[in-house]
Amino acid sequence: MTAAQAPEGQYVASLTGLRGIAAFAVFLFHFGALNPGIRLDMQVPMIGSALQFPLGFGFAGVDIFFVLSGFLLTLPFAQSALAGEARPSLRQYFKRRFLRVFPAYYAQLFIILMAGSWFITWKPQTVATFAAHLVMFFNIRLYPVEPMVGVWWTLPVEMGFYLLLPFLQPLLRPSRWVPTLLTGVLVSMLYRNWVALHFGSAAGAGAFLLPSLLPGSLTEFLLGASAAIIAQYFAVSQKPRPAPWALDLMFVLGIALSVLWLDQVVLAAAEEYWLGHWSMIIAPLALGLPLATISLALYWGSRLGAFLLSNRVVYFLGVISYSLYLWHFVVMLQLQFLIGESYSSMSNWFKFPLATVAVILTASISYYAIEKPFYKLKATRQALIS
């Protein structure tokens with residue numbers, strides 16, 4: 001979840017917009033889970049089907065985050081590896097990662113702990129579980145600590161890749177990267193198959209999340225990194241990028257393949273998907289490849305992608321995407337708590353704009369009060385150093 005620079009040094013707003021789409025998709029998925037009638041049980045022609053994707057497949061927003069993180073974070077490492085330059089400063093790298101991730105997370109953790117049981121997501125903590133929350137390592141063991149906010153499970157997955165990436169830097173050359181990528185794909189498939197064999201029939205949210213821990217999601221990060229290597233290879237060797245029409249075609253194909261996979265395979269598998277279906281085993285490859293293609297097309301300047309993802313609304317969602325992701329589920333649960341029994345009788349068509357406004361408002365406050373000041377702190381320190 002970091003900003004991207006185009007080969008010419010220009011900020012790629014459409015990649016920020018893609019991050020906004022990912023965060024909002026996760027929000028829609030959880031809204032649909034909390035309010036299942038919003039899809040009208042698929043009984044209304046066209047409307048029910050149209051709502052299937054944002055409300056039924058919004059979990060794929062997490063896959064977008066993983067691929068995009070792999071892409072954006074690898075760019076400077078790939079550039080240095082391909083150009084034969086010194087590796088980017090690890091001190092600066094880890095400082096940026098800390099300032100990007102932890103301040104908003106710690107603020108949310110502190111607020112929930114201080115408010116106590118007023119928050120529905122609050123749970124009493126032991127020393128061990130509090131330490132797990134403090135260092136964001138919920139998934140450090142096979143039977144993970146249950147985070148107070150369910151969506152926090154993805155944070156240590158990303159953290160794992162942050163820690164792994166510097167060790168991959170010597171391999172970020174085409175001749176070395178191909179076997180590295182193939183090994184990563186094999187590791188992901190073997191891990192997911194092992195989880196399916198041992199935990200496929202288990203109940204509870206933990207059983208559904210186990211396949212997506214870092215070994216199972218490694219392919220998506222590596223595919224994002226592969227797109228970064230391609231981008232920097234073209235830049236370092238001064239090869240011309242594909243024509244504008246080709247970039248738009250890449251963008252459209254990436255979307256089409258993602259939709260086909262989710263609609264024709266994941267939907268067809270239904271609940272079996274999470275219980276060890278073959279499609280779950282290869283999902284990081286099947287979904288990660290088109291998502292990496294979309295990321296590369298946007299980075300290279302797809303006009304269609306810029307039109308759809310660089311407008312003010314989508315871009316703003318991208319700017320506040322991390323806080324939106326952190327707070328959306330908590331805010332929706334608190335709305336139920338604050339409004340009380342009358343909330344359940346509200347029309348979903350009223351609940352949705354209410355929840356959307358509340359989530360975006362909370363995320364905006366978190367961004368402007370917590371995230372943005374730390375961005376300025378980072379920029380100030382970098383200016384002083386330079």
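**Exercises on helices H14 and H3**

Gln-334 lies in helix H14, which covers residues 321–339; helices are DSSP runs (H or I, at least four residues) numbered from the N terminus. The model is predicted, so that local features need pLDDT of at least 70 and side-chain atom pairs pLDDT 80 or more, while totals for chains, interfaces and linings use all residues. Residues are numbered from 1 along each chain as its sequence is written, and side-chain values use heavy atoms, without hydrogens and water.

**Exercise 1.** Determine whether Gln-334 is buried or exposed, and name the residues that Gln-334 touches.

*Solution.* Buried means under 20% relative accessible area, exposed over 50%, and partly exposed in between (1.4 Å probe, protein chains only). Gln-334 has 6% relative accessibility and therefore counts as buried. Contact means heavy atoms within 4.5 Å. Leaving aside residues up to four places away in sequence, Gln-334 touches Trp-118, Phe-119 and Ile-120.

**Exercise 2.** Compare the expected span of helix H3 (residues 60–83) with the distance between its end C-alpha atoms.

*Solution.* The expected span is 1.5 Å times one less than the number of residues. For the 24 residues of H3 this gives 34 Å, and the end C-alpha atoms are 34 Å apart, so the two values agree.

**Exercise 3.** Describe the surroundings of H3 and locate its kink.

*Solution.* Of the 24 residues of H3, 21 are buried, so the helix is largely enclosed by the rest of the structure. A kink of about 45 degrees lies at Leu-75, shortly before the proline Pro-76; the bend is the angle between axes fitted to the seven residues ending at a residue and the seven starting there. Just after H3, Gly-84 adopts a positive phi of about 70 degrees.

Definitions and conventions. Helix = DSSP H or I, 4+ residues; strand = E, 2+ residues; numbered from the N terminus.
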